[in-house]
Amino acid sequence: CGDDFEYLSHQAMQGAWPGNAVGRPILGSREVLSEATAERLHAFRQSHYTAGSAIVAAAGKLEHERLVDLVRPFLEQLPPGPVPGYRRVRNPPPMQRFFCERRDATQVQTILTFRSIPYSDEHRSEQMLLAMLLGGSSYSRLFQSLRERSGLSYMVDCMPMPLSDCGVFQILASLNPEGSLKAMRLCAKELRSLCRKPVPAKALT
């Protein structure tokens with residue numbers, strides 16, 4: 001199930017951002033990997049793993065100056081350099097509407113993908129609340145509709161994926177093959193309800 005979703009997630013990202021770097025698998029394509037050499041990997045490391053792109057994250061009962069003293073010797077070993085740039089998403093083409101691959105399996109693995117906001121957007125907290133409300137727990141709308149009341153889904157979840165200058169919002173579900181179309185209709189019903197009716201304050205609380 002996990003490997004199937006990993007594969008399907010790659011297909012969903014390619015469908016959301018066709019022809020763009022953000023839609024490519026992080027690991028790389030077969031063609032790119034076949035041309036990798038030690039020299040190219042070393043050059044990539046030298047240009048990207050620099051002091052300018054390093055981030056140190058720490059949590060707990062810490063003293064800032066003490067933490068700086070601890071990590072400074074390691075950071076000073078990094079080569080200097082600016083933060084590497086990247087190709088921004090601009091005027092993306094329409095999303096690929098549908099991808100399906102038939103396999104001999106007992107469940108239908110499904111990912112509904114929508115283009116969404118980057119992590120710098122001021123509405124990112126609202127998006128997290130939306131994900132929790134839709135599919136983030138056993139009390140969520142999709143869990144109750146698809147699994148508890150209908151028995152059509154083994155697992156359902158919502159996952160926002162905000163990136164630097166774009167993002168996606170995904171609904172993942174493992175469905176009963178015989179009821180997969182009905183499950184999709186119920187999912188669409190819940191999405192339409194969210195668009196048409198304000199979420200009650202009690203539900204947000």
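Which residues gather in a patch of positive charge on the surface? In this predicted model, the patch is made up of Arg149, Lys189, Arg192, Arg196 and Lys197. Helix 7, which covers residues 180-196, supplies the largest share of the patch, namely three residues. Arg196 has its place in helix 7. With a relative accessible area of 66%, Arg196 is exposed, because anything over 50% falls in that class.

Next come the salt bridges. The structure holds four of them, and three are described here, starting with the pair in helix 4. This helix spans residues 64-75, and both Arg72 and Asp69 sit in it. The two are three residues apart, which is about one turn of the helix. Arg72 and Asp69 form a salt bridge, with 3.2 Å between the closest N and O atoms. Is each partner buried or exposed, or does it land in between? Arg72 comes out as partly exposed at 39% relative accessibility, and Asp69 is also classed as partly exposed, at 43%. Neither value is under 20% or over 50%, so both residues take the in-between label.

A second salt bridge joins Arg103 to Glu101, and here the closest N and O atoms are 3.0 Å apart. Arg103 is partly exposed, with 48% relative accessibility, and Glu101 is partly exposed with a relative accessible area of 39%. In a third bridge, the side chains of Arg40 and Glu35 meet at 3.9 Å, N to O. That distance still counts, because the cut-off for a salt bridge is 4 Å. Arg40 is classed as exposed, at 53% relative accessibility.

Back in helix 4, there is also Val68. Val68 is partly exposed, with a relative accessibility of 24%. How far apart are the C-alpha atoms of Val68 and Ala173? The separation in space is 44 Å, and along the chain these two residues are 105 residues apart. For another pair, Arg24 and Met13, the C-alpha to C-alpha distance is 7.2 Å, with their positions 11 residues apart in sequence. Arg24 belongs to the loop that links helix 1 (2-16) and helix 2 (30-34). At 52% relative accessibility, Arg24 makes it into the exposed class, since the line is drawn at 50%.

Another loop runs between helix 4 and strand 1 (108-115), and Asn91 is found there. What is phi of Asn91 near? The answer is 45°, a positive value in a residue other than glycine. Asn91 is exposed too, with a relative accessible area of 76%.

Finally, the cysteines. How many disulfides does the structure hold? The count is zero. Cys166, for one, takes part in no disulfide, and the nearest cysteine sulfur, which belongs to Cys158, is 19 Å away. A disulfide needs two cysteine sulfur atoms within 2.5 Å, so this pair does not qualify. As for its surroundings, Cys166 has a relative accessible area of 4%. That value is under 20%, so Cys166 counts as buried.

Methods:
Residues are numbered from 1 along each chain as its sequence is written. This is a predicted model: local features need pLDDT of at least 70, side-chain atom pairs count only at pLDDT 80 or more; totals for chains, interfaces and linings use all residues. Side-chain values use heavy atoms; hydrogens and water are left out. Patches are made of residues with over 30% relative accessible area and no salt bridge: like charges are joined within 9 Å, nonpolar side chains (Val, Leu, Ile, Met, Phe, Trp, Tyr) within 5 Å. Accessible areas come from the Shrake-Rupley method with a 1.4 Å probe; for residues, only the protein chains shown count as cover. Lys and Arg count as positive and Asp and Glu as negative; His and the chain ends are not counted. The place of a charge is taken as NZ of Lys, CZ of Arg, CG of Asp or CD of Glu. Helices (H or I, at least four residues) and strands (E, at least two) are DSSP runs, numbered from the N terminus. Buried means under 20% relative accessible area, exposed over 50%, partly exposed in between (1.4 Å probe, protein chains only).
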